[in-house]
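Trainee: Could you take me through one part of this structure up close, and then show me how the rest connects to it?

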Amino acid sequence: MYDMKALYQAKSVKDAVALRLAHPGAQVIAGGSDVLVQMREGKRAGAELISIQALDEIRGVSLDTDGTLRIGSMTSFSHITRDPLIQTYINVLGEAVDQVGGPQIRNIGTIGGNTCNGVTSADSASTLHAWDAVVELTGPGGVRRQSIQEFYIKAGKVDLREGEIQTAILISKESYENCFGHYIKYAMRNAMDIATLGTSVNVRLSADKKTVERARVAFGVAGPVPLRAGTAERLAAGQPVSLELAEQFAQTVKEDINPRDSWRAAKDFRLHIAVESAKRAFIESVRLAGGVL
Amino acid sequence: MSKSVGKSVTRVDAYEKATGRAKYMDDLCGREALIAKICHSTIAHGFVKSVDTAAAEAVPGVVKVLTCFDAPDIEFPTAGHPWSTDPHHQDVADRKLLNQHVRYYGDEVAVVIAGDEVAAAQAVRAIRVEYEELPFVLDVQEAMKDGAPQIQERCQNNILAHSDVRRGDYEAARQEPGLIRVEGWYDTPTVQHCHIENHGCFAYEEAGRMVVVSSTQIPHIVRRVVGQALGLPWGKVRIIKPYIGGGFGNKQDALYEPLCAWCCAQVGGRLVKLECSREETFVSNRVRHAIRTHIISYVRPDGTLAARKLEAFSNQGAYASHGHGIVAKGMNAFPQLYPCPNVECDSWTVYTNRPSAGAMRGYGIPQAMFAGESHIDDICQALHMSPLEFRRKNLMPMGYVDGFSKNELYSDTFHQCMDKALEMLDYRKKFEEYQNQDGPVRRGVGLAVFWYNTAVWPISLESSSCRMVLNQDGSLQFQTGETEIGQGCDTAYSQMVADAVGVPLGDVHVVSTQDTDVTPFGTGAYASRQTYIGGFSIMQTALALRERILAVAHEQTRMPVSNLDLVDGQIVRKSDGRILKSLGDLATESLYSLEHSQHITAETTAQIKSNAYSFGCSFAEVEVDIPMCKVNLLRLVNVHDCGTLINPALAEAQVHGGMSMAIGYGLSEELKFDEKTGKPLNNNLLDYKLSTFMDHPALEVGFVENPEPTSPYGTKALGEPPACSGAPAIRNAILNATGVAIDSCPITPHVLYRKFKEAGLIND
């Protein structure tokens, strides 16, 4: 039994925007795997809800005419993992979201909900950061796009403005083309857990597979929001593929990350795991890209 | 003539449970029930000065708000022990229905009774409690110090109890020249049972009596405790126990049945339901005692033990519950498992401001085995001796008799179990193979044994009662006071009844529900005693029933009883084996006979004055990823000698469950508390790392069947033993892999990170 004041069911994106404007205090609910838990805990007890569950128009994965990969915000984790476009262009995202909770959660949880929560541990978030994802938001003034880095304002807060709902996550062709990545979810058990640290690395190699053209790395739980380790990325760019590079790249991530001490994990432990994970994810990404270390 | 015992027959409740038809507490509760919800203390220690209930009472739907100032001034015991008529052996009565002196973060301060869950939850949030805060203490040894916060007025330095064991002369023996001294401190965590169904109950008055339907393991004991807590004559209380979704010892305690019954009485006897959330279950039910153990062993270079000392400090939490029984059991196992002529053991049970610790699967033995079996491998490290050979040399030998319990090790159990397990794991080969590794990822094998006994004799009462009622068609119902809590005793008992009476299994109907108004007295499910204890009363009652059946058969067939037998539901003339009539025809004739109508039934109480050792071992193989501070449990093998298997498939399932518990205990589970406030940090299934299916290897189980001579069915404990040796086996496998001896569990990545840094395996 949930302590719910009202439930408004949106029939279309336009309708959802109208409902958002009409009920500014209401909470948007997508899959419900976070919102319902919070209501039960009493944090959102008595909430008004706007459900966007029925909005098939923002569900599914497709390619825009310019080659941009479009992931509708209501796409569930299990659909993302099994989607052929995801498997072709950004397989690491499918692998990352396949590590969320358990099968039931992955069937109801959506990528839109995962990112709108604004939590640093979200399994999709570090990969989306590492692939320079763009968030599409639809509001009373129409559609706007924003980089995912800017979308995350602070822990638990994203740049979702009055009347807006998130309608898609976009990955540009420039970002995914010839790019291969690997995600390491570091958690205390192998299922039903949140990340102690999430590490997502991807690389693009030269045609002869000998040089790193571009390397990107993002972390979850290494700071209040997911973050990129730019210093390490710059260090690796243009360098010949080698195990030494993997080691240097990994050590350098410490320049940019700032995990905290909490009862869940100590700062020094998280830093240690970040370095080791970055190294392993880098090596695996290079391997997937056809490089030899 | 055993036909059913020993076969893996399908559980008698399988179809009901798999299809969702089986009724549990909540399925049985009327939809008109009022909902009771508890307001828990938000400080670890202090006094409630006032409770402002005005806002809570104003919430629409709220019927009543009751506070610690309304509760009766009666202290009652909660432990699920048989009552003792000797006041010196009675459980400690130290808690009230609601408490003004709150002793842990989560103590019961007030309770709301409302029309539905939402109103109840809103009202609980609206209650304002004013406290006078007192200093609190979470650590067991800190709590024993002079000047530590006094948690229960009755106990000096918070020491609920102390007991000791002395054998020979430890001080003199340790002076022997040439001895090697091995010392260790071992810590085990506070963990929770995590049964799938949270505790809950509902209560209503009927004809001036209080009826409580509860998710409990111990209906007859709960009846007594509800009577004590409410000041009611025990006959005015009726407890009904339907199917329950596990208990593991948490429900071997009176939990919220007394409070729910009192709420019911306060609203004129209306139906009131009180169900715990998972968060409450973690904190405000019972937990496993965290025990800190100090062991010193003086060992000769040849691997024999000269003198040993043990000190164990058991963290009781805020209320006595099962109290000292837990650590005492572990301490008493110490001199038995590895007999040594000179032993000094002391154990203390100490109140702290943590959740109350009670019974949990293993009852002190998982703690004792983690400490004891880790220490054995530490000795082996010091002696450069193989852990297998050391154990072979020193473990309790066949023929050992314990002076107190009179338990005897009738068989060569330890060697047989280890032989089987080492073969299953290919231990010797792997042990050699895993020497001298130096890579970042290393493998290791480890083993641990366990000591266990069956039931509680001679410490407490052991008796069991059984009733059998014959139907017209020759089938029968039977009832016992022992309870089905998911472990499968309804099925095992049905098999035992079928064979002992002489009827097909399909003609045996178990009355699964215990109702204290109609079920014969029995103390319930605990102490791994069900098959052993129940076996006595089932055999005795079956013999009584057979006697009555054969007497009627004599009337009906005119053959002498001495020439009659009951085989597979048929009355048989022994001399020529001819079937004279079916039991169904006999029963129909008996019941409707115009000359001598008889309802054929039997009911007896068996006195059990024995106990039985039940031993075994775990062997583990791990892969340790040192830079990632992770342990991958590759294999876990448990081998048990629990005597004759009644139902091999159920026995194996029982072992799987225990092994799963041991994996969590060894690697991931721990209830954590904020040192600054005493607040539990992870009382939910996300942050409390119960191991999942994905964290388990395929669980491998072996049995050695040495029939237990004291049992009518040759059986002995299997409920708890599977949870006892897995954690130290994993710990010892990690030691074998890395050379790093971990002195606490769970062995989480956080612990490994510190230990690997100390050992120089990680250099940040």
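Mentor: Let's start with B:Asn158, which sits in the loop of chain B between α5 (140-144) and β7 (159-167). Keep in mind that this is a predicted model. The phi of B:Asn158 is near 65°, a positive value in a residue other than glycine. Is B:Asn158 buried or exposed? With a relative accessible area of 0%, B:Asn158 is buried, because anything under 20% counts that way.

Now set a residue of chain A beside it. A:Met192 is not a glycine either, yet its phi is positive, about 55°. A:Met192 also lies in a loop, the one joining β11 (180-186) to β12 (197-205) of chain A. Its relative accessibility is 42%, so A:Met192 counts as partly exposed.

Chain B has some backbone features in other loops as well. The peptide bond from B:Trp457 to B:Pro458 is cis, with omega near 5°. You can find B:Pro458 in the loop between β16 (441-450) and β17 (463-470) of chain B. Another cis peptide bond links B:Cys745 with B:Pro746, and its omega is about 5°. To locate B:Pro746, look between α19 (726-738) and α20 (749-758) of chain B, where it is part of the loop.

Next, let's see how the chains meet. On the chain A side, 27 residues are in contact with 32 residues of chain B. The size of an interface is often given as the accessible area lost when the parts come together. Here, the area buried between chain A and chain B is about 2,600 Å², and carbon and sulfur atoms give 55% of it. Within chain A, the residues losing the most area to chain B are A:Arg189, A:Trp263 and A:His272, which together make up 27% of what that side buries.

How many salt bridges are there between chain A and chain B? The count is seven. In one salt bridge, the side chains of A:Arg280 and B:Asp625 meet at 2.5 Å, N to O. There are also 19 residue pairs in polar contact between the two chains, counting pairs with both residues at pLDDT 80 or more.

Which elements of chain A take part? Both β11 and α13 (267-288) supply at least two residues each to the side that touches chain B. The most comes from α13(A), with seven residues. Sorted by class, that side of chain A has 15 nonpolar, four polar and eight charged residues.

Terms used. Residues are numbered from 1 along each chain as its sequence is written. Chains are lettered from A and ligands numbered from 1 in the order in which they are written. This is a predicted model: local features need pLDDT of at least 70, side-chain atom pairs count only at pLDDT 80 or more; totals for chains, interfaces and linings use all residues. Side-chain values use heavy atoms; hydrogens and water are left out. Helices (H or I, at least four residues) and strands (E, at least two) are DSSP runs, numbered from the N terminus. Buried means under 20% relative accessible area, exposed over 50%, partly exposed in between (1.4 Å probe, protein chains only). Contact means heavy atoms within 4.5 Å. Buried area is the accessible area (1.4 Å probe) that two parts lose on being put together, summed over both. A salt bridge is a side-chain nitrogen of Lys or Arg within 4 Å of a carboxyl oxygen of Asp or Glu. A polar contact is a pair of N or O atoms within 3.5 Å; within protein, one must be able to donate a hydrogen and the other to accept it, and residues adjacent in sequence count only if both atoms are side-chain atoms. Ala, Val, Leu, Ile, Met, Phe, Trp, Tyr, Cys and Pro count as nonpolar, Asp, Glu, Lys and Arg as charged, and the others, Gly among them, as polar.
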